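Visitor: I am new to this structure and would love a close look at a single part of it. Could you walk me through one strand and its surroundings?

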Amino acid sequence: MTPVLFSPQHDDYVRQLLQGAGLRATRQRMGLAGLIFGQGERHITAEDLYAEAIDSGMRLSQTTVYNTLHQFTEAGLLREILADPRRIYFDTKVDPHHHFLDEETGEMEDIPHHGVAVDGLPTPPPGKTIEGVDVIVRVRRPS
């Protein structure tokens, strides 16, 4: 297995990204952030990230991957998308938008926020306000 090698500029970018979010730039966070943010905008599951990390020569546990993804989410670096009870995706694009989810492949694609209109939202419970609406449009190839 080949270890993950990034350029000094990439390492500086990742370090600044983590520090700007109030996170210490540990070796494992740097490695995982490099994998997550080094490929542009993307949707990734913890299982996929763990496999990428192992394939790139990183030594860590699945628990570390889950914990790091949740830390990145809490720090505002990622957006968590609960596609169904079995699949949680982490999105590098954190601004409001919606998604297509391919039911066969598990691939997720962005839909611009203005590309979906939601009408007739219910009144929220007393003392609550609507934070946002996330739409997942499930697709598959016709049989």
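Visitor: In which sense do S4 and strand S6 (residues 136-139) pair, parallel or antiparallel, and over how many bridges?

Guide: Happy to show you around! S4 and S6 pair in the parallel sense, and 4 bridges hold the pairing. In this pairing, Asp 102 stands opposite Val 139 in S6. Two strands are said to pair if DSSP finds at least two bridges between them. The strands themselves are DSSP runs of E with at least two residues, helices are runs of H or I with at least four, and both are numbered from the N terminus.

A word on the source before we go on. You are looking at a predicted model, where local features need pLDDT of at least 70 and side-chain atom pairs count only at pLDDT 80 or more, while totals for chains, interfaces and linings use all residues. Residues are numbered from 1 along each chain as its sequence is written, and side-chain values use heavy atoms, with hydrogens and water left out.

Now let us stay with S4, which covers residues 97-102. Of its 6 residues, 5 are buried, so the strand is largely enclosed by the rest of the structure. Here buried means under 20% relative accessible area, exposed means over 50%, and partly exposed lies in between (1.4 Å probe, protein chains only). Another partner of S4 is strand S5 (residues 108-112), which runs antiparallel to S4 and is joined to it by 5 bridges. These two strands make a hairpin with 5 residues between them, and Gly 106 in the turn has a positive phi of about 80 degrees.

A good residue to pause at is His 99, which lies in S4. Across from His 99, in S5, stands Asp 110. His 99 has a relative accessible area of 2%, so it counts as buried. Leaving out residues up to four places away in sequence, His 99 touches a list of residues that includes Met 108, Glu 109, Asp 110 and Ile 111, as well as Val 135, Ile 136 and Val 137. Contact here means heavy atoms within 4.5 Å. Also among the residues that His 99 touches are His 43, Arg 79, Ile 81 and Asp 91. With His 43 there is a polar contact between the two side chains, at 3.2 Å. A polar contact is a pair of N or O atoms within 3.5 Å; within protein, one must be able to donate a hydrogen and the other to accept it, and residues adjacent in sequence count only if both atoms are side-chain atoms.

Ile 81 leads us to another hairpin. Strand S2 (residues 79-84) and strand S3 (residues 87-91) pair in the antiparallel sense over 5 bridges, with 2 residues between them in the hairpin. The bridge partner of Ile 81 in S3 is Tyr 89. Tyr 89 also touches Thr 45, a residue of strand S1 (residues 43-45). Thr 45 is buried too, at 8% relative accessibility, and a polar atom of its side chain lies 3.1 Å from the backbone nitrogen of Asp 48.

His 97, the residue at which S4 begins, helps to line the second largest pocket, together with Arg 79, Val 94, Pro 96, His 113, Glu 131, Gly 132, Val 133 and Asp 134. A pocket is an open set of points on a 1 Å grid over the protein atoms alone, where a 1.4 Å probe fits and protein lies on both sides within 12 Å along at least five of seven lines; lining residues have an atom within 4 Å of a point. The volume of this pocket is about 170 Å³. Its lining divides into 3 nonpolar, 3 polar and 3 charged residues.

Finally, let us step back to the whole chain. The protein chain has 4 helices and 6 strands, and along the sequence they follow the pattern α-α-β-α-α-β-β-β-β-β. Among the helices, H2 (residues 27-37) is mostly covered, with 9 of its 11 residues buried. For the chain as a whole, buried residues make up 34% of the 143 residues. The C-alpha trace spans about 50 × 45 × 25 Å along its principal axes. Among contacts between residues at least 6 apart in sequence, 46% join residues at least 24 apart.

Technical notes
Points joined across faces, edges and corners; volume = space filled by probe spheres on them. Nonpolar A, V, L, I, M, F, W, Y, C, P; charged D, E, K, R; others polar.
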